[in-house]
Amino acid sequence: MISSHCCGFYSLTGILFMTYVYIMLTIQPEFITGIDDVEQARSNAFGAMMTFCVTFAISAVLVMRQKGGAGREYDTGDDDYNRLNIDLKKNYGESNYGSVATDSY
């Protein structure tokens with residue numbers, strides 16, 4: 001599942017880019033080649049910019065809602081055993097940590 005932070009960042013980037021495209025189509029359309037109907041392109045750029053604005057607003061609401069949440073939304077299992085926790089402190093400081101007996105000196 002995509003995080004609301006990721007969607008918010010993507011939407012903000014889209015807003016900035018589509019704003020730039022809209023301004024370029026408004027002020028200097030002759031520098032953007034390959035467009036037959038400038039008015040239609042300007043309208044499409046504005047519509048895309050508004051879509052990114054709506055997506056950004058939804059993402060911002062979800063980020064604010066997650067900050068006020070009760071914490072984790074998933075089950076971590078047994079608190080005494082965590083599969084992702086590799087206990088390196090047990091062997092920390094021992095002289096043979098990370099050494100391999102080889103004759104390749």
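## Aromatic pairs between the helices

Y22 counts as partly exposed, because its relative accessibility is 28%, a value that lies between the limits of 20% for buried and 50% for exposed. The model described here is predicted. Y22 is one of the residues involved in ring pairing, and the structure holds two aromatic pairs. A pair of aromatic rings is described by the distance of the centres and the angle of the planes.

One pair is formed by Y10 and F52, whose ring centres are 5.7 Å apart. The planes of Y10 and F52 stand at 70°, so this pair is edge-to-face; the angle required for that class is over 60 degrees. Y10 belongs to helix α1, whereas F52 belongs to helix α2, which spans residues 38-67. The pair therefore ties together parts that are 42 residues apart in sequence. The two partners fall into separate accessibility classes: Y10 is exposed, with a relative accessible area of 54%, while F52 counts as buried at 18%.

The other pair joins Y22 and F46, with a centre-to-centre distance of 5.7 Å and an angle of 50° between the planes. This arrangement is tilted, because the angle falls between the 30 degrees below which rings count as stacked and the 60 degrees above which they count as edge-to-face. Y22 lies in helix α1 and F46 in helix α2, so parts 24 residues apart in sequence are tied together. F46 is partly exposed, with a relative accessible area of 37%.

## The salt bridge in helix α2

How many salt bridges does the structure hold? There is one salt bridge, in which the side chains of E39 and R42 meet at 2.9 Å, N to O. A polar contact of 2.9 Å also joins the side chains of R42 and E39. Side chains of opposite charge can pair when their charged atoms come close. E39 and R42 are three residues apart in helix α2, so about one helical turn separates them.

Is R42 buried or exposed? R42 counts as buried because its relative accessibility is 17%, and the limit for that class is under 20%. Leaving aside residues up to four places away in sequence, R42 touches Y22, L25 and T26. Y22 is thus both a contact of R42 and the aromatic partner of F46.

## V38 and its contacts

V38 lies in helix α2 and is partly exposed, with a relative accessible area of 25%. Which residues does V38 touch, not counting residues up to four places away in sequence? The contacts of V38 are L25 and P29. V38 and L25 are 13 residues apart in sequence, and their C-alpha atoms are 6.9 Å apart in space. L25 also appears among the contacts of R42.

## A nonpolar surface patch

L12, L16 and F56 make a nonpolar surface patch of about 270 Å². L12 is found in helix α1, which covers residues 4-27. The relative accessibility of L12 is 39%, so L12 counts as partly exposed. This value also satisfies the requirement for patch membership, because patch residues need over 30% relative accessible area.

Conventions
Residues are numbered from 1 along each chain as its sequence is written. This is a predicted model: local features need pLDDT of at least 70, side-chain atom pairs count only at pLDDT 80 or more; totals for chains, interfaces and linings use all residues. Side-chain values use heavy atoms; hydrogens and water are left out. Patches are made of residues with over 30% relative accessible area and no salt bridge: like charges are joined within 9 Å, nonpolar side chains (Val, Leu, Ile, Met, Phe, Trp, Tyr) within 5 Å. Accessible areas come from the Shrake-Rupley method with a 1.4 Å probe; for residues, only the protein chains shown count as cover. A salt bridge is a side-chain nitrogen of Lys or Arg within 4 Å of a carboxyl oxygen of Asp or Glu. Helices (H or I, at least four residues) and strands (E, at least two) are DSSP runs, numbered from the N terminus. Buried means under 20% relative accessible area, exposed over 50%, partly exposed in between (1.4 Å probe, protein chains only). Rings of Phe, Tyr and Trp (its six-membered ring) pair if their centres lie within 6.5 Å; planes under 30 degrees apart count as stacked, over 60 as edge-to-face and the rest as tilted. Contact means heavy atoms within 4.5 Å. A polar contact is a pair of N or O atoms within 3.5 Å; within protein, one must be able to donate a hydrogen and the other to accept it, and residues adjacent in sequence count only if both atoms are side-chain atoms.
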